[in-house]
Amino acid sequence: MPNRTAIITGSTSGIGLAIARALAAEGCRIVLNSFTDQDEDRALAASLTEEFGVEAVYMKADMARGEECRALVDHAVRQFGSVDILVNNAGIQHVAPVEDFPPEKWDAIIAVNLSSAFHAIAAAIPHMKGAGSGRIINIASAHGLRASPFKSAYVAAKHGIVGLTKTVALELAEERITCNAICPGYVLTPLVEAQIPDQMKAHEMDRETVVREVMLAKQPTRQFVRVEDVAAATVFLCSDAAAQITGATLSIDGGWTAQ
Ligand code: NAD
């Protein structure tokens, strides 16, 4: 996919970084993003250039702030001349009963996991329309299709982004711009990996048992999804073969939502 520019929000770790690497391997120019703005972030972009021979830059933007989401797209277009692929991936989580859920955590999760996609999509559409094509991929979750207790904001945001995906797909259906959502189950990212020791202690179980019986209780395969699986699906949705796939939710969840 040479000469295509891909913005991946929240892409300095986990799923976002795997998607950036997979799109770089396809020859895309890459815009990496997070809100941290550290030397390591820029080094990560340089490592993509070195490994895949593509242009790659790091751009700081706090996806909790609408104006920064829009500025990220504008900045990328100024630097590379286009935005052909937009992957809305940035996401955060907080777990608490709804009556105790801190309102500021609710606001932050809705902002980062849902409103950021609205702002970035709105900013990208004129450029994609101008180019006559585009791909928008929203990293939702199995929690965009199913609920779990104590995750009210996350589940609301992920259900919201599935609705946004379908609406944008319909609005752009005749523009050769597709918009789809990927709905992963549990993916073994550093964030999830870090929870395993605590869960082992809390449940007095070994690693294997805690993963099978606690973390993957809802995932019939009892295996984590790999970041590379989500990245490969993203690459497919960006391909010509996926031109007629729009407004879809693609589950990669080991059978979770088949239940
Ligand atoms: P992660 O914590 O490894 O990555 C999240 C990324 O978002 C990081 O790069 C972080 O810097 C960035 N980010 C967070 N807040 C931001 C902000 N305000 N502005 C800009 N960037 C910000 O987590 P992950 O597991 O790779 O999650 C990526 C996406 O996949 C999220 O939307 C998450 O909801 C979704 N997801 C994850 C899983 C899972 O099991 N890991 C399952 C389903 C969906």
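**Exercise 1.** At what angle do helix α3 (residues 66-80) and helix α4 (residues 103-131) pack, and how far apart are their axes? Then classify the pair and describe the contact.

*Solution.* The model is a predicted one.
- Step 1: α3 and α4 pack at an angle of about 30 degrees, and their axes are 8 Å apart.
- Step 2: Angles under 35 degrees count as roughly parallel, so α3 is roughly parallel to α4.
- Step 3: The two helices, α3 and α4, cross in a right-handed sense.
- Step 4: On the α3 side the contact uses G66, C69, R70, V73, D74 and V77; on the α4 side it uses S116, F118, H119, A120, A122, A123, A124 and H127.
- Step 5: By class, these contact residues are 8 nonpolar, 4 polar and 2 charged.

**Exercise 2.** Describe how helix α1 and helix α9 pack.

*Solution.*
- Step 1: α1 (residues 14-25) and α9 (residues 227-238) pack at an angle of about 50 degrees, with 8 Å between their axes.
- Step 2: The two helices, α1 and α9, are therefore oblique to each other.
- Step 3: The crossing of α1 with α9 is right-handed.
- Step 4: G14, I15, A18, I19, A22 and L23 of α1 touch V227, V230, A231, T234, V235 and C238 of α9.
- Step 5: This contact has 10 nonpolar and 2 polar residues, and no charged ones.

**Exercise 3.** How many residues surround the ligand, and which are the closest? List polar contacts for G10, D62 and Y154.

*Solution.*
- Step 1: The ligand is surrounded by 30 residues, the closest being S13, I15, N89, Y154 and V187.
- Step 2: A polar backbone atom of G10 is 3.2 Å from a ligand oxygen atom.
- Step 3: An N or O atom in the side chain of D62 is 2.9 Å from a ligand nitrogen atom.
- Step 4: For Y154, a polar side-chain atom lies 2.6 Å from a ligand oxygen atom.

Notes
Residues are numbered from 1 along each chain as its sequence is written. This is a predicted model: local features need pLDDT of at least 70, side-chain atom pairs count only at pLDDT 80 or more; totals for chains, interfaces and linings use all residues. Side-chain values use heavy atoms; hydrogens and water are left out. Axes are lines fitted to C-alpha atoms, for helices over the stretch in contact, and angles run from 0 to 180 degrees between N-to-C directions. Helices (H or I, at least four residues) and strands (E, at least two) are DSSP runs, numbered from the N terminus. Angles under 35 degrees count as roughly parallel, over 145 as roughly antiparallel, 65 to 115 as roughly perpendicular and the rest as oblique. A crossing is left-handed if the near helix is turned anticlockwise from the far one by less than a right angle, and right-handed if clockwise. Contact means heavy atoms within 4.5 Å. Ala, Val, Leu, Ile, Met, Phe, Trp, Tyr, Cys and Pro count as nonpolar, Asp, Glu, Lys and Arg as charged, and the others, Gly among them, as polar. A residue is near a molecule or strand if one of its heavy atoms lies within 4 Å of it. A polar contact is a pair of N or O atoms within 3.5 Å; within protein, one must be able to donate a hydrogen and the other to accept it, and residues adjacent in sequence count only if both atoms are side-chain atoms.
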